[in-house]
Amino acid sequence: MKLIRAIIRPESTQRVIEALEKNNIYAMTRMNVTGRGKEMGITQGSIRYTEIPKEMLIIVLPDDAVTKAVRVIETAARTGTKEYPASGNLGDGKIFVTDVEESHTIRTGEK
Amino acid sequence: MKEIIAIIRTEHVEPTKGALETIGVKGITFFNVIGRGRQGGTIRAPDPEGTVRRDVGVYIMQQRGIISKADDPKYHVPVQKEIELGFLPKKMLMIVVNDDEVPLVVDTLTQINRSGQQGDGKIFVCPMIDAVRIRTGEHGNKALS
């Protein structure tokens, strides 16, 4: 099992969720976070914003479903310009995949 | 070291804190999250609008003479309908413990948070490579004790 943490733009969250639903992935946890990337935030005129609001999605999936789910999130969360809709912009986010050793359902206690 | 991520109901936070304290787990991080499970945020419940469906069984019972009137409203069965709830507020706990404490913590979390209804939550156990106590710079298991 793997745990996917996707940090994405808040405005693309709905798009990503709908894309995951089409691939039969419904279970997820959402979280409001702030963060910055290697560009150290954004500069608007003379003001520097070092913490930019983002949305984090946490999804746990069996190993064989991970590659597809990552690709779905990637395509749905990627923004672009008018001419090139999927060219990607700074700040589109990151996806991290980590190991999960056990998973328990509290209601039934099954592993 | 293992990281335990538990997603529980918000009303179960206080009992969980107390239970974890009694088994000696003191360091917990809480997150406010919203989430949904395998059902995609829908539950099945009786329709309050009152559309009723007659159970086939009562007609068989009428034929066999067990009951006299199958049309009686007391034999009506309420229709189940799916209610869309969407993302619900939950609490996420992050606990880092030594390997040998994992079964105890998982059992405690399961027992305290179980109500038997859908939406009780999930517990995930993930490997954790290192921990550092910032105050002293200690690494590994020393940083947890």
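**Exercise 1. Strand β3 of chain B**

Determine whether strand β3 (residues 42-46) of chain B is mostly buried or lies in the open, and find the strand with which β3(B) is bridged.

*Solution.* Keep in mind from the start that the model is predicted. The step needs one cut-off, namely that a residue is buried if 20 or more other C-beta atoms lie within 10 Å of its own. Among the 5 residues of β3(B) the number buried is 0, so the strand lies largely in the open. Next, look for the partner: 5 bridges join β3(B) to strand β6 (residues 80-84) of chain B, and the two strands run antiparallel. As one example of this pairing, B:P46 has B:Q80 in β6(B) as its bridge partner.

**Exercise 2. The makeup of chain A**

State how many helices and strands chain A has, in what pattern they follow one another, and what its extent and burial are.

*Solution.* Counting the elements gives 2 helices and 7 strands for chain A. Reading along the sequence, one meets them in the pattern β-α-β-β-β-β-α-β-β. The C-alpha trace of chain A, followed along its principal axes, spans about 55 × 30 × 20 Å. Of its 111 residues, 21% count as buried. Finally, consider the contacts in chain A with a separation of 6 or more: residues 24 or more positions apart account for 67% of these.

**Exercise 3. Two residues in one loop**

Place A:N24 and A:Y26 in chain A, and decide for each whether it is exposed, partly exposed or buried.

*Solution.* Begin with A:N24, which is found in the loop between α1 and β2 of chain A. Its phi is near 60°, which is a positive value in a residue other than glycine. The cut-off for an exposed residue is 12 or fewer other C-beta atoms within 10 Å, and because A:N24 has 9 of them, it is exposed.

Turn then to A:Y26, which sits in the loop between α1 (13-22) and β2 (28-35) of chain A. With 16 other C-beta atoms within 10 Å, A:Y26 is partly exposed. When neighbours within four places in sequence are left aside, the contacts of A:Y26 are A:E21, B:R36, B:R38, B:Q39 and B:G40. By comparison with a residue elsewhere in chain A, the C-alpha atoms of A:Y26 and A:T75 are separated by 18 Å, and the two residues stand 49 residues apart along the chain.

**Exercise 4. Where the chains meet**

Describe the contact of chain A with chain B, and name the elements of chain A that give two or more residues to it.

*Solution.* The contact takes 20 residues from chain A and 27 residues from chain B. On the side of chain A that touches chain B, the elements giving two or more residues are β2, β6 (93-99) and β7 (102-105). Sorted by class, this side of chain A has 8 nonpolar, 6 polar and 6 charged residues. One of these elements, β7(A), pairs in the antiparallel sense with strand β8 (residues 122-127) of chain B over 4 bridges, and A:H104 stands opposite B:I123 in β8(B). For the complex, the predictor gives an ipTM of 0.71 and a pTM of 0.74.

**Exercise 5. The sheet of 9 strands**

Write down the order of the strands in the open sheet of 9 strands, and identify its edge strands.

*Solution.* Following the pairing from strand to strand, the order is β6(A)-β1(A)-β5(A)-β2(A)-β2(B)-β7(B)-β1(B)-β8(B)-β7(A), with antiparallel pairing. The edge strands are β6 and β7 of chain A, since each of them pairs on one side only. Neighbouring strands of this sheet are turned against each other by 25° on average, with direction ignored.

**Exercise 6. Chain B, its domains and its helices**

Give the domains of chain B and the separation of their centres, and then examine α1(B) and B:S145.

*Solution.* Chain B is divided into domain 1 (2-39 + 85-144) and domain 2 (43-83), and the centres of these domains, taken over C-alpha atoms, are separated by 44 Å. Helix α1 (residues 13-22) of chain B is hardly covered, with 1 buried residue among its 10 residues. Just after α1(B) comes B:G24, which takes a positive phi of about 90°. B:S145 lies in the segment after α4 (141-144) of chain B, and it counts as exposed because it has 8 C-beta neighbours inside 10 Å. B:S145 and B:N98 are 47 residues apart in sequence, while C-alpha to C-alpha they are 9.3 Å apart in space. As for confidence, chain B averages a pLDDT of 84, and 93% of the residues score at least 70.

Notes
Residues are numbered from 1 along each chain as its sequence is written. Chains are lettered from A and ligands numbered from 1 in the order in which they are written. This is a predicted model: local features need pLDDT of at least 70, side-chain atom pairs count only at pLDDT 80 or more; totals for chains, interfaces and linings use all residues. Two strands pair if DSSP finds at least two bridges between them. Two residues are in contact if their C-beta atoms, placed from the backbone, lie within 7 Å. Ala, Val, Leu, Ile, Met, Phe, Trp, Tyr, Cys and Pro count as nonpolar, Asp, Glu, Lys and Arg as charged, and the others, Gly among them, as polar. pLDDT is the predictor's confidence in each residue, from 0 to 100. Axes are lines fitted to C-alpha atoms, for helices over the stretch in contact, and angles run from 0 to 180 degrees between N-to-C directions. Domain bounds come from an automatic or database domain assignment.
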